[in-house]
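This briefing covers strand pairing, an aromatic contact and nonpolar packing. The points are grouped by topic below.

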Amino acid sequence: ADGHNGAESLAVTPYGVVHDGVVHAARSEPPTIKLPGAMPELWRDVVIASTADGKLLAIGRQDGTVQVVDPGSGQELWSAALHDGPVTSLAFSASGVRLASGGQDRRVRVMGSSDGSVKTELRGHTREVSGVAFSPDGSRLASSSGLLGSGDMSPGEVHVWHLATEQLSLQLRAAPDEVYCGVAWSSDGLRLFAAANPQSDADGRVEPGRIVEWSAVETERSP
């Protein structure tokens, strides 16, 4: 879950569930571990992501800063200003070696998770980035765009990038009036899924969303 439109932000790690600035750990002493700077903004209007082994936790803030901490000790490993405006999405690669971030500035950045050194900057989205996800083998990155309630009525899209060449290999859109609030890969890397929502009407009502599935094979560009 993320902090947009009042939703809370949480992540699940082997230590427990990170919520409201605290790691709630059932098997550790003490039972809760305060994160650095734990305060209300950690669960309001921030995004967070955890490595698969739970050893790193990334926090994206409204000022464009990305912070990586060790949730076990609470030690901050690094913090860097990476976006002009709010960070809207974060994801680690399966190995945990790389971290991707997306922002309201429509940019995607890929960096080393150990030190925050930026490896790649990807541009091409016409709206704020709403989700990022590495392919299972780490060779590609999917990014989605469009957040509900932003006031922008232009459609979103899903991009697939080749990280070795930094080239856009797929640009996907299922309907002309939808935004894509998140993106995920199948475990074999052959399919791509996105959370799709139609734009709100003049009264601000939003129709129920749906899950869109595409082939991630680069010769196919339709759902």
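Which residue stands opposite R140 in strand 15? The residue is H162. The model is a predicted one, and the points below describe two open sheets, an aromatic pair and two nonpolar cores.

**Sheet with strands 13 to 16**

- Four strands form an open sheet in the order 13-14-15-16, and their pairing is antiparallel.
- Strand 13 (129-134) and strand 16 (167-172) are at the edges with a single partner strand each, so one side of each has no neighbour in the sheet.
- From one strand to the next, the twist averages 20 degrees.
- Strand 14 (residues 140-145) and strand 15 (residues 158-162) run antiparallel and are joined by five bridges.
- Across from R140, strand 15 places H162.

**Sheet with strands 9 to 12**

- Another open sheet of four strands has the order 9-10-11-12, again with antiparallel pairing.
- Its edge strands are strand 9 (87-92) and strand 12 (118-123), and each of them pairs on one side only.
- Here the twist averages 15 degrees from one strand to the next.
- Five bridges hold the antiparallel pairing of strand 11 (residues 107-112) with strand 12.
- M111 is opposite V118 of strand 12.

**Aromatic pair**

- One aromatic pair is found in a search of the whole structure.
- Y180 and W214 make up this pair, with 5.8 Å from centre to centre and 65 degrees between the planes.
- The geometry is edge-to-face because the angle of 65 degrees is over the cut-off of 60.
- Y180 belongs to strand 17 (residues 178-185) and W214 to strand 19 (residues 210-215), so the pair ties together parts that lie 34 residues apart in sequence.
- Both Y180 and W214 are buried.

**Nonpolar cores**

- The largest nonpolar core contains 15 residues.
- V158, Y180, W185, L192 and W214 have the most contacts inside that core, and Y180 and W214 are also the two members of the aromatic pair.
- Strand 15, strand 16, strand 17, strand 18 (191-198) and strand 19 are the elements that give two or more residues to the largest core.
- Leaving aside residues up to four places away in sequence, L192 touches A142, V158, V160, L172, V183, A184, W185, V212, E213, W214 and A216.
- Another core, of 13 residues, lies apart from the largest one, and A58, V68, V87 and F92 are among its residues.

Conventions: Residues are numbered from 1 along each chain as its sequence is written. This is a predicted model: local features need pLDDT of at least 70, side-chain atom pairs count only at pLDDT 80 or more; totals for chains, interfaces and linings use all residues. Side-chain values use heavy atoms; hydrogens and water are left out. Two strands pair if DSSP finds at least two bridges between them. Axes are lines fitted to C-alpha atoms, for helices over the stretch in contact, and angles run from 0 to 180 degrees between N-to-C directions. Rings of Phe, Tyr and Trp (its six-membered ring) pair if their centres lie within 6.5 Å; planes under 30 degrees apart count as stacked, over 60 as edge-to-face and the rest as tilted. Buried means under 20% relative accessible area, exposed over 50%, partly exposed in between (1.4 Å probe, protein chains only). A nonpolar core is a set of buried Ala, Val, Leu, Ile, Met, Phe, Trp, Tyr and Cys residues joined through side-chain atoms within 4.5 Å. Contact means heavy atoms within 4.5 Å.
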